[in-house]
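Student: Hey, got a minute to walk through this one with me? I'd like to start with the backbone and then move on.

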Amino acid sequence: YVPKFYQRLVVTVRPMDTFYFVGGEVKMPGRQAWLGELTVTQAIQSAGDFTDFANRKKVLLVRADGTKITVNCTKALNNPSLDPKVYPFDKITVPRSIW
């Protein structure tokens, strides 16, 4: 920093790029950008929604610390308290239905 040449400084602070992952029976599996508050059903919709073969009742949410939560998305759509939030680096896996 030289006061003669630089009268004003502009500092830009960028947060780390953060992502969450959606896999299994969704139309566009892969890494998604985490842009803020988000729930499991919203994350699945951002990945193109369920395929025809998805088991909507046993969606697995694995937190970055390894905690596993099973989500029934059919019930979560009717009751938002059953729809957990998604945090950076969480993994959502939609299994295939038997039928």
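Tutor: Sure. It's a predicted model, so let's begin in a loop: Asp 49 sits between α1 (40–46) and β3 (59–62).

Student: What's odd about phi at Asp 49?

Tutor: The phi of Asp 49 is positive, about 75°, even though the residue isn't a glycine. Most residues other than glycine have a negative phi.

Student: And is Asp 49 buried or exposed?

Tutor: In between: Asp 49 is partly exposed, with a relative accessible area of 33%.

Student: Which other residue that is not a glycine has a positive phi?

Tutor: Phe 89 has one, at about 70°. Phe 89 is in a loop too, the one between α2 (73–78) and β5. Its relative accessibility is 37%, so Phe 89 counts as partly exposed.

Student: OK, switching to the sheet. What's the strand order?

Tutor: The order is β2-β1-β5-β3-β4, with 5 strands in an open sheet and mixed pairing. The edges are β2 (30–33) and β4 (68–71), and each of them pairs on one side only.

Student: How much are neighbouring strands turned against each other?

Tutor: By 25° on average, if you ignore direction.

Student: Mixed pairing, you said. In what sense do β1 and β5 pair?

Tutor: Parallel: β1 (residues 19–24) and β5 (residues 91–94) share 4 bridges. Within that pairing, Val 22 stands opposite Ile 92 in β5.

Student: What about β3 and β4?

Tutor: Those two run antiparallel, over 4 bridges. For a concrete spot, look at Val 62: its bridge partner in β4 is Lys 68.

Student: How many residues lie between the strands in that hairpin?

Tutor: There are 5 residues between β3 and β4, and in this hairpin Gly 66 takes a positive phi near 100°.

Student: New topic: rings. How many aromatic pairs turn up?

Tutor: A search of the whole structure gives 0 aromatic pairs.

Student: Hm, so let's try charges over rings. Which residue lies over the face of Phe 19?

Tutor: That's Arg 31, at 3.8 Å from the ring centre. Phe 19 belongs to β1 (residues 19–24), while Arg 31 falls in the edge strand β2 (30–33).

Student: And what lies over Phe 53?

Tutor: Arg 96 does, over the ring face at 5.1 Å from the centre.

Student: Can you recap the rings for my notes?

Tutor: Sure: 0 aromatic pairs in the whole structure, Arg 31 over the face of Phe 19, and Arg 96 over the face of Phe 53.

Conventions: Residues numbered from 1 in each chain as written. Predicted model: local features only at pLDDT ≥ 70, side-chain atom pairs only at ≥ 80, totals over all residues. Heavy atoms only, no water. Phe/Tyr/Trp six-rings, centres within 6.5 Å; stacked < 30°, edge-to-face > 60°. Lys NZ or Arg CZ within 6 Å of the ring centre and 35° of its normal. Pairing = 2+ DSSP bridges. Axes fitted to C-alpha atoms, helices over the stretch in contact; angles between N-to-C directions. Buried < 20%, exposed > 50% of the residue type's maximum accessible area, 1.4 Å probe, protein only.
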